[in-house]
Amino acid sequence: MRLTNTTLANLRAGIDRPQYDREAQDVGIIHLGIGAFHRAHQAWYTDRAMDAGDRHWAITGISLRSADVAGQLNPQNGLYTLTESGGSGIRTRLIGAVREVVAAMHNHDAAITRLAAPTTRIVSLTITEKGYCRAADGSLDLGQAEKGSIYPLMASGLRRRRDAGLPGLTLLSCDNLSGNGHQLARFMGEYIDCHDPTLTQWFEAECACPSTMVDRIVPATTREDRAAIAMRIGLDDAAAVMTERFSQWVIEDRFVGHHPRWESVGATLVSDVTPYETAKLRMLNGAHSALAYIGLACGHTFVHEAIADPVIRALIERLLLEEAAPTIAAAPGQNLPAYAAALIDRFGNPALNHRLIQIAMDGSQKIPQRWLPTLAANRSVGRECPAILSGIAAWVHHLQGRNGPVDDPQAAVLSAAARGTNPLDALFGAGGVLGSSWSPEESDRLTISRSDRLWGNAAGR
Ligand code: CS2
């Protein structure tokens with residue numbers, strides 16, 4: 001029996017559930033890209049904020065590319081369960097914050113209507129790095145932005161609000177980009193400038209794009225997970241999400257109007273997100289990408305297996321403590337060695353079954369913020385980064401197709417670069433695939449041969 005409003009009475013006792021009246025809540029948030037990560041993170045915070053007494057923050061999800069999530073959630077009246085597993089056991093909560101999912105490719109006007117509704121205050125986004133259509137020089141790739149991206153949709157929604165005399169919106173990026181709010185403001189501004197310059201001034205004056213740091217490891221849900229959840233909750237949940245116990249959300253406090261009281265349920269509002277975001281991108285995500293490529297090359301499948309491999313673990317500890325951490329100006333109270341230790345512990349969580357291949361996708365979109373700033377900062381003080389260089393060597397190996405087909409929006413050009421005579425130049429050199437502005441300089445390219453050996457040691461044993 002499927003989880004819905006009407007079958008809810010059959011949900012097993014002991015499963016936590018929202019106590020507020022779901023139907024009585026206005027939709028205050030439109031979320032673009034309603035995948036597992038949003039459902040395990042921002043929707044979970046919002047659900048608990050409404051449970052704690054805040055009201056009218058129901059979420060309408062908009063899917064841009066696939067109707068799959070609409071097919072999972074709409075027949076369940078937006079209901080789904082979130083299961084957290086870790087050292088201290090397992091717990092499942094029914095999440096009530098999501099009202100509906102609109103598949104924009106089939107129902108464009110309904111999506112615009114939701115953006116332009118008077119109750120809407122916040123548009124949040126988890127569209128992954130590639131969803132922003134960033135060009136190699138850091139500006140908006142206008143050609144990409146035309147092809148089913150968020151920008152035309154957002155511009156239409158904003159225009160309709162302005163024409164109706166409604167207030168502007170807070171656009172809240174929850175993706176792993178450095179300065180995600182600043183980048184979103186820039187890209188949205190560039191799109192509007194090009195397509196509807198009459199909207200520029202209104203957008204700048206009436207909308208805000210705070211930056212956020214989001215952190216929670218959310219593996220893709222598998223068929224086995226769904227079967228286990230059905231046993232646990234007594235109902236079939238096609239939209240079930242699995243995650244770890246840990247969660248963190250640091251938000252720049254710069255909203256247009258109200259926001260949910262996320263801070264009452266564990267989020268932190270700050271004036272500057274940069275130190276948290278830099279630590280997260282360079283340490284957690286930097287280590288994740290290294291684990292993915294080196295781990296796959298060594299024959300591992302899951303993150304917890306790769307981190308249990310002593311050679312890989314030593315490289316990851318080096319990346320965290322000797323390469324990334326020294327490049328980060330910590331905020332008061334931020335303890336980077338403790339953060340590194342906690343990360344090693346989180347990566348070791350065997351309950352997550354987090355696949356390395358999931359992290360390995362879209363390397364061209366991730367590596368620029370995860371590894372290259374660490375390389376550049378170390379280079380400027382004459383320090384080498386053997387662990388990151390091992391990661392780069394293993395990425396090249398991955399791009400050569402040794403772990404199966406490459407899943408990346410730039411797959412064709414990356415694979416050609418990796419199979420050529422000088423992969424590093426083709427990838428990182430001036431005019432290379434990642435763009436010359438992200439290029440590590442000559443010295444790093446020369447030391448790659450050493451990293452090849454290092455990675456070779458890890459792979460060869
Ligand atoms: C991962 C992230 O898939 C990936 O690239 O590094 O999704 C990571 O799990 C999250 O950022 C954790 O907060």
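**Exercise 1.** Work out which helix gives the largest share of the shell around the ligand.

*Solution.* Start with the residues that surround the ligand, meaning those with a heavy atom within 4 Å of it: N176, V214, D215, R216, I217, K280, L284, N285, H288, I359, K366 and R370. Next, place them on the elements, where helices (H or I, at least four residues) and strands (E, at least two) are DSSP runs numbered from the N terminus. At least two shell residues come from each of β8 (212-215), α10 (274-297) and α15 (363-370). The largest share, 4 residues, belongs to α10.

A word on the model: it is predicted, with local features needing pLDDT of at least 70 and side-chain atom pairs pLDDT 80 or more, while totals for chains, interfaces and linings use all residues. Residues are numbered from 1 along each chain as its sequence is written, and side-chain values use heavy atoms, without hydrogens and water.

**Exercise 2.** Find which N or O atoms of N176, R216 and R370 pair with ligand oxygens.

*Solution.* Take N176 to begin with: an N or O atom in its side chain is 3.0 Å from a ligand oxygen. For R216, look at the backbone, where a polar atom sits 2.9 Å from an oxygen of the ligand. With R370, go back to the side chain: a polar atom there is 2.9 Å from a ligand oxygen.

**Exercise 3.** Decide whether V218 is buried or exposed.

*Solution.* Locate V218 in the loop between β8 and α9 (223-233). Then apply the cut-offs: buried is under 20% relative accessible area, exposed over 50%, partly exposed in between (1.4 Å probe, protein chains only). V218 has 11% relative accessibility, so V218 counts as buried.

Notes. Polar contact = N/O pair within 3.5 Å; in protein donor to acceptor, adjacent residues only side chain to side chain.
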